[in-house]
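Work through the exercises below with the sequence and the 3D view open. Try each task before reading its solution.

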Amino acid sequence: MENGGHILIVDDEAQIRRLIRRILERCGYRTDEVENGRQALEFLQSEPVDLVVTDLRMPDVDGLELLERCRALYPNTDVIMLTGFGTIQTAVYAMRQGALDYMTKPFSAAELQDKVAHCFRQRQRRAAQRSPIEPLLELNRILSRPIDPSKISQAVIRLIERTFAPVHTQLTLFGSGRVGRRGREDGAFLPDRPEGAIVDVAGDEVDTAAGGPVLTVPLRVGDEEVGVLTLLRWRNEPPFSPEDSRLLHLFAGQIALVFLHADTRQRLWDAFRDLERAYLSPVQTLIDALGLHDAYTRDHSQRVAHYARLLGQRCGLPDDDVERLGIAGLLHDVGKFGIGDGTLRKAGSLTHDELDHVRRHPVMGVRILEGIDALHDIVPMVWHHHERYDGKGYPDGLAGEDIPLGARILAVVDAYDSMTSDRSYRPALSVKEATKRLLAGAGSQLDGRLVTEWIAVMDKGSAELEIAGSAEEGRALHE
Ligand SMILES: [Fe+2]
């Protein structure tokens, strides 16, 4: 690859960078330039190169540190050091650190061309003698990590780029619709080849209209083809060798095994999501029905669900419990189905009988929910959400920590939302006033620790508390 190789020039002097670029581009190399070692490392993260020509003394990350990082992170990238302080000690040190060569400024165009050409001849020799063991071990390390398939794809593609030096790499997976792709230039991936055609030529080395060498290998386990790997080089780069092809087939066998299992995992996950939807559909039906009956209760329930999840997270509850809290929040007042419109929307005070009726709504709610097996865990939260911490609540008069934690959480956020919503008999209270009243009820009506945590949630920012839904007028039932 004497011509057509990719070189990154790193120097804090723009004039020198331009001069080096001109010399190297005249020889047919592709070049890029950056000002310092930090920018060089950022560049290499997104686009590996064959050779880095770097100044020694630069601010921030200097040439020696860049060399060290290249050796560790990009072993297939060579480094030539440039310096205006060319002592023999520095040269020896840089070579010991793994620099391929070393040049002192000022240097001639011929000297630079010779050094770079020598570098690319050495690369060719190394490629011819390359052992497949190192890249295969690296591949094995990537594939054995417990990370999701898309991250595995990206890690595999980066390894392929370091090992085979393609200009574009595509890893296409069949069957599940997952396709990982990455080119060294955004959007430039094999535009003339539809994916179906790539499947048809799997395993063969073919030319494309782009003109560069292409290597395509199927990802196959037994008779099952799970995808295809396609590599493309620039038009003026050497073709992939038979050794490249053999090594890529070894890669493909390993990758196919992992993605076959990933596909199985995806199918199981899809099945789980279907089950989850089936589980939640009665909840949605109930919420929709409740909305038809009483829009305020529906909107209030949605806010309570949101707040309950926030408070549950704040208390460090596991994700499953936070989800259950959300469902309980949505359904905590479902028992209001049993309360007539006249009572729900009454503007004046309730009679003793009406109040009694209203106070039965937790029990009525549980009557509705207890027939649904999937909502078994939600029932205690709905049943007890009007208990008071001092034992003066309903329906059972439980006190303190005898009240289920989920019900105590619902009580706090239910009270907060009731106070900060417009009602038929009074406008919404300010957050400040509602906070004052929550604190007044801490330890008597409400669990004081949870009130403190809820205030902390509110202090984090009001934006987090906002959810869709309007506060339509309805009858107050929670104060
Ligand atoms: Fe309620």
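## Exercises on a predicted model

The model is predicted. The protein chain has 479 residues, and 48% of them count as buried. The chain holds 18 helices and 9 strands.

**Exercise 1. The metal site**

Task: Find which residues coordinate the iron ion, and describe the geometry of the site.

Solution:
- Step 1. List the donors. They are Asp-333 (OD), His-361 (NE2), His-385 (NE2) and His-386 (NE2), at 2.1 to 2.3 Å.
- Step 2. Place them in sequence. The spacing of the donor residues is D-x27-H-x23-H-H.
- Step 3. Check the angles. Among the 4 donor atoms they run from 82 to 169 degrees. A tetrahedral site needs all angles between 85 and 135 degrees. The site of the iron ion is classed as irregular.
- Step 4. Check burial of two of the donors. Buried means under 20% relative accessible area. His-385 has 1%, so it is buried. His-386 has 11%, so it is buried too.

**Exercise 2. The sheet**

Task: Work out the strand order of the open sheet of 5 strands, and find which strands lie at its edges.

Solution:
- Step 1. Read the order. It is 2-1-3-4-5, and the pairing is parallel.
- Step 2. Find the edges. Strand 2 (30-34) and strand 5 (101-104) each pair on one side only.
- Step 3. Add the twist. From one strand to the next it averages 20 degrees.
- Step 4. Inspect one pair. Strand 1 (residues 6-10) and strand 3 (residues 51-55) run parallel and are joined by 4 bridges. Leu-8 stands opposite Val-52 of strand 3.
- Step 5. Move to the next pair. Strand 3 and strand 4 pair in the parallel sense over 5 bridges. Here Val-53 has Ile-80 of strand 4 as its bridge partner.

**Exercise 3. Strand 4 and the helices on the sheet**

Task: Is strand 4 enclosed or open to the outside? Find which helices pack against the sheet strands.

Solution:
- Step 1. Count buried residues. In strand 4, 6 of the 6 residues are buried, so the strand is largely enclosed by the rest of the structure.
- Step 2. Split them by face. In a regular strand, side chains alternate between the two faces of the sheet. Asp-78, Ile-80 and Leu-82 are buried on one side of strand 4, and Val-79, Met-81 and Thr-83 on the other.
- Step 3. Look for covering helices. Helix 1 (residues 14-26) packs on the sheet and touches strand 1, strand 2 and strand 4 (78-83). The direction of helix 1 makes about 170 degrees with that of strand 2.
- Step 4. Add a second helix. Helix 3 (residues 63-73) lies across strand 1, strand 3 and strand 4. Helix 3 runs at about 175 degrees to strand 4.
- Step 5. Zoom in on one side chain of helix 3. Leu-67 lies in this helix. Its relative accessibility is 0%, so it counts as buried. Beyond its neighbours up to four places away in sequence, Leu-67 touches Val-79, Met-81, Ala-94, Gln-97, Gly-98 and Ala-99.

**Exercise 4. The nonpolar cores**

Task: Find which residues touch the most other members of the largest nonpolar core, and which helix supplies its largest share.

Solution:
- Step 1. Name the hubs. The core has 44 residues; Leu-331, Leu-369, Leu-438 and Trp-454 touch the most other members.
- Step 2. Trace the helices. Those that each supply at least two residues include helix 9 (242-293), helix 14 (361-369) and helix 18 (448-460).
- Step 3. Find the main supplier. Helix 16 gives the largest share, 8 residues.
- Step 4. Follow one hub. Setting aside neighbours within four places in sequence, Leu-369 is in contact with Leu-286, Leu-331, Val-334, Leu-375, Val-379 and Val-382.
- Step 5. Note the other core. A second, separate core of 26 residues includes Ile-152, Ala-155, Leu-247 and Phe-251.

**Exercise 5. Cis peptide bonds**

Task: Locate the cis bonds that precede Pro-106 and Pro-395.

Solution:
- Step 1. Recall the background. Most peptide bonds are trans.
- Step 2. Take Pro-106. A cis bond joins Lys-105 to Pro-106, with omega about -5 degrees. Pro-106 sits in the loop between strand 5 and helix 5 (109-128).
- Step 3. Take Pro-395. The bond from Tyr-394 to Pro-395 is cis, with omega near 5 degrees. Pro-395 is in the loop between helix 15 and helix 16.

Note on methods
Residues numbered from 1 in each chain as written. Predicted model: local features only at pLDDT ≥ 70, side-chain atom pairs only at ≥ 80, totals over all residues. Heavy atoms only, no water. Donors = N, O, S within 2.8 Å, 3.2 Å for Na, K, Ca; no water. Tetrahedral: all angles 85-135°; square planar, octahedral: opposite > 155°, others 65-115°. Buried < 20%, exposed > 50% of the residue type's maximum accessible area, 1.4 Å probe, protein only. Core = buried A, V, L, I, M, F, W, Y, C linked by side-chain atoms within 4.5 Å. Contact = heavy atoms within 4.5 Å. Pairing = 2+ DSSP bridges. Axes fitted to C-alpha atoms, helices over the stretch in contact; angles between N-to-C directions.
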